[in-house]
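Please look through the structure below with the following explanation at hand, which moves from strands to a helix, then to an enclosed space and finally to a single residue.

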Amino acid sequence: MEQQRLAAVTGTGGPGSGYAVGGRLVLTSAHVTGPAGSRVTVFHPAGGGTAGGTVVWAGTPRERDDAALVLVDDSPHWRPPAAPVRWGRLVTTRPGAVCETWGVPDEAQRPRLAVEAEQLAGRINPGTGFVNSQYVMDLDQHPPHWPAEGTSPWGGLSGAAVYCGTVVTGVVAADRARSAHGRLNVVPAYVLLHDPAFRTALARYCDGPVEGLEAVEFQHLTDPAHGPAALRPPATPAALLEAGRQVVPFHGREDLLAELRAWCALGGFGAWLLHGPGGQGKTRLAHHLGRRLTADGWTVLWPRAAATPEQLRPLRSAARSLLVVLDYAETRTHQLTALVEAAAEHPGTSAFKLLLLARTAGDWWEQARIATRLAEDHLTTARTHRLAPLEDDPDRRAGHYRDAARALAAELPLVDGLTGHEWAAAAAALPSPQGLAQDAYGNALTLHMTALADLLDTTRSEPAHRTKAAQDVEDRLLGHESRYWLSSATVRGISPGLSMDTLKTALAAAHLTGADDREHADVLWQHVPALTDQPRDRRDQVTAWLAALYPTTVIDPDGQPWGALQPDRLAERHIGRTLEADPRLADHLVDGADDTRTGRLLTVYSRAAAHTVFQNRLDNRLTELCVRHHRLLTPLIISTATRTNHPQPLIDALDAIAAEPAVRLDDLYNLLPSTSHRLAPTATRLAQRLVQHHRTLAETDPDAHLANLATALNNLSLRLGETGRWDEGLAAVQEALAIRRTLAEADPDAHLTGLATALNVLSLRLGETGRWEEGLAAVQEATDHFRVLAQADPGAHLPRLASALNNLSLGLNEVGRRKEGVAAAQEAAGRLRALAEADPDAHLPNLALALNNLSVQLGEVGRREEGLAAVQEATDLRALAEANPDAHLPNLAQALDTLSNQLGDAGRREESLAAALEATDHFRALAEANPDAHLPNLAMALDTLSNQLGDAGRREESLTAIEEAVVIRRALAQSNPVLFEADLRQSLEVLARLEGLEQPARDALAEHVSDEDS
């Protein structure tokens, strides 16, 4: 609580306490003031005199809304606060919420002395008084001795604000009866803010609408960048573009907003990922949704990036509907896991929704969805939506540009130094920008930034050249921002002592790595060359300068020292320009940084490099940075590459690192995920280099290196298979097998395992190229070898035997020996089930694969109920696997496709269609990243989807799906008719049936599968 806000109020009900909540508005008690329109006197304790005031809103004295708002007269004796207060409510039922109040009770007063104040501490148990919408404050202090019967020592305290942390949570109403003066009745803030008249008064006299009620128990988790921005004036013009301010009125996306509202209204748990490029409107949409929900009584939380999983887990206690918005979710998967764990322990009596915002829905998302059993359980059905450009109609952009200019002009006078300009007239006189038909103006933020830059240009003494290039608008805005950087630095006395270039570099460094607190900030400055030799007080001045320019919205002297230059694209452009001018800055920042800071640097650097204005120049510099520091950065390069929306510089770095003479290729290869859609080409190239490396060694010393060459060839075959290069993969494993046979003949004990492994991989590659009989022979031999090995050492070889049995079942099924195939699949699943019971982390994913295969084969021999049970177990078991998601997303998609077919056969149409839709979505994402490997699976999933849509009576959608499958399969059949012609005929048959062709025409259509016009 703030002493300067404390007030004493005297009205028709006698003396009471009050608290300045913003402007000239004082919160107090209705039984002190009397009804609306009443006159009262107000003064600051220890102040210089009294002021009059008028009651502008009043609740009912002695009832649940016993509070009032007083508008103090314009008086020299009244000091209005600098900003409005924040309001909060308790949102859990956890007892013991710490609180405080401050007022002028009778107990503190002494004759012939000035009115004295008393500050009281206590706790609130949310379950006490909830029936009558009341809080009860249990005082920590021992109740005072009060001899006057029929009165209370707390008389005069009525109207005092009650704070929990940094938010006003209520207002003191009265001493609680039969509590021996140890408890106070409190009117909750939520009761007041539910009254439209109360909110109207606040909005009218506190310069803007109330942002809503914050969650008392979770306020320490709030991200400063998304806190109540309206509580502070904009320090610079760019602050007007912060998404939370919503200066430009929200428009568009009505259908999506309605979907999100309906999703929230369903209650229970739910997760939704919104992704799209920076400036597409993700954060604006989330803030708009949050405001709507807050008005409906929801709690909306934007967790801060530094919140630990342990700090997030108490969200499980939320007793009111909760929406958690996780911004930049792709960089915060550890928090997502913690939020899922909290949701799993939530009782479910109220809604618990996760809204994830990200620039991409790539590998990171698939990893997060199956990172743990709980993640799979809760995120498998999560919705995913890519935001399309908001301003997609060029004819409407001029109108939206003018709307933005008018809205920004209305707020620009709030920026220090911009009050004397005729902004409304300037906005009205602005011509529409040239080139509005450019695709870049489809991005709403680009349009808004252009409007702001054009307005600011009107303050220049010389007319500004208004470039036609939308991509230059960030630089134009940064030019205006730099005026505020210099002005603030001059006022604080750090300029000209520090040059503007030095300060700009400090700003870029601050946003590249961030800082948890002021001490960490000082460590950061010591790695900025121009600040390294500066004394501590000068470095602290730089911290204070940044905090003034871009303040946080949470008052915490031990917390994050500064906020963010927003919008993010503006910060990224500034970082890019700084790194362009000083490429070695990043080297200095990497030196001594921990993994968290270094990972942030790589992520932000890659985002900055993505700006087209840099024309790949920063790409090369980021790659060079990674190569220079590869001993430190390689694991972080790999992890960042899987989640950033601009991974190519990092992928190029990995390729360059592999070429470094001092790098051990085997060690680097082992750092890569066992399977990664995004890194699959890189892994393949590295596997090829390993083959070359071991081949050279083997030529010199075959006895020492031939086995390693065989292993490298085997790995290369697996990687080539992942990228759809099956013929090359077949050649690699055939060479590996030839080596293994030679070695095993000389020393079977040492090389039988390698021989069997090569045979197992060979069977896969032969099957992918349509040579099923040969593949069956290979896997039968592999199975026989693994049986012998497993008898001698079951711990080492039973998993390999199970893998071979699974592949054996596939081969048997393909050559028509289906009953034998089922038997092999059952044995594989049985062995893996036993292994998974002993070591679930290692074997549950493989068990899920085997169960999916078993399900397919059981279905093909007519045992559909058993098949359905098997694939259901497969999807359940996959939810338990804490494995690399890149390795298992294709398997999950396959299981869902199988599940769809089995559910369809069982007549469970809605479930079947849902599984088909999800399988298709997964395979579509996989095929976008790796078409050679996954286009056949996408066509298969589209076949299934077409069938399920047809069964649901959705003929047009069914036709669209099968048409897409035909296009894919025709292209595949042209490149490999042996493998794909039969599949194409099948899709054409379905297409002909849906188009209503008679049987002769359908036969003719199927006969011309290689004709593009068929």
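**Strands, a helix and a cavity**

Strand E11, which covers residues 161–164, is joined to E12 by four bridges, and the two strands run antiparallel. The model in which this pairing is seen is a predicted one. Within the pair, Cys 164 has Val 167 of E12 standing opposite. E11 and E12 together form a hairpin in which two residues lie between the strands, and Gly 165, in the turn, has a positive phi of about 70°.

E12 also has a partner in strand E13, residues 183–188, to which E12 is joined by five bridges, again in an antiparallel arrangement. Here Gly 170 stands opposite Pro 188 in E13. How far is strand E12 enclosed by the rest of the structure? Of the nine residues of E12, which spans 167–175, eight are buried, so the strand is largely enclosed by the rest of the structure.

Further along the chain, helix H17 takes in residues 536–549, and its 14 residues reach 20 Å from the first C-alpha to the last, close to the 20 Å expected at 1.5 Å a residue. The buried residues of H17 are Arg 538, Arg 539, Val 542, Thr 543, Trp 545, Leu 546, Ala 547 and Leu 549. For reading such a list, it helps that an α-helix has 3.6 residues a turn, so residues three or four places apart point the same way. Which helices do the buried residues of H17 pack against? Their packing partners are helix H13 (473–491), helix H14 (500–513), helix H15 (518–525) and helix H16 (529–532).

The next feature is an empty space rather than a chain segment: the structure holds one cavity of 30 Å³ or more, and the largest cavity has a volume of about 100 Å³. Its lining is made up of 13 residues, of which Arg 232, Glu 242, Tyr 550, Pro 551 and Ala 564 lie nearest the centre of the cavity. Sorted by class, the lining of the largest cavity has eight nonpolar residues, three polar residues and two charged residues.

The last stop is Thr 603, whose place is in helix H20, residues 595–609. Is Thr 603 buried or exposed? Its relative accessibility is 5%, and because buried means under 20%, Thr 603 counts as buried. When residues up to four places away in sequence are not counted, Thr 603 touches Thr 331, Thr 640, Arg 643 and Thr 644.

Key
Residues numbered from 1 in each chain as written. Predicted model: local features only at pLDDT ≥ 70, side-chain atom pairs only at ≥ 80, totals over all residues. Heavy atoms only, no water. Expected span 1.5 Å × (residues − 1). Buried < 20%, exposed > 50% of the residue type's maximum accessible area, 1.4 Å probe, protein only. Contact = heavy atoms within 4.5 Å. Pairing = 2+ DSSP bridges. 1 Å grid on protein atoms, 1.4 Å probe; cavity = no way out; pocket = protein on both sides within 12 Å on 5 of 7 lines; lining within 4 Å. Points joined across faces, edges and corners; volume = space filled by probe spheres on them. Nonpolar A, V, L, I, M, F, W, Y, C, P; charged D, E, K, R; others polar.
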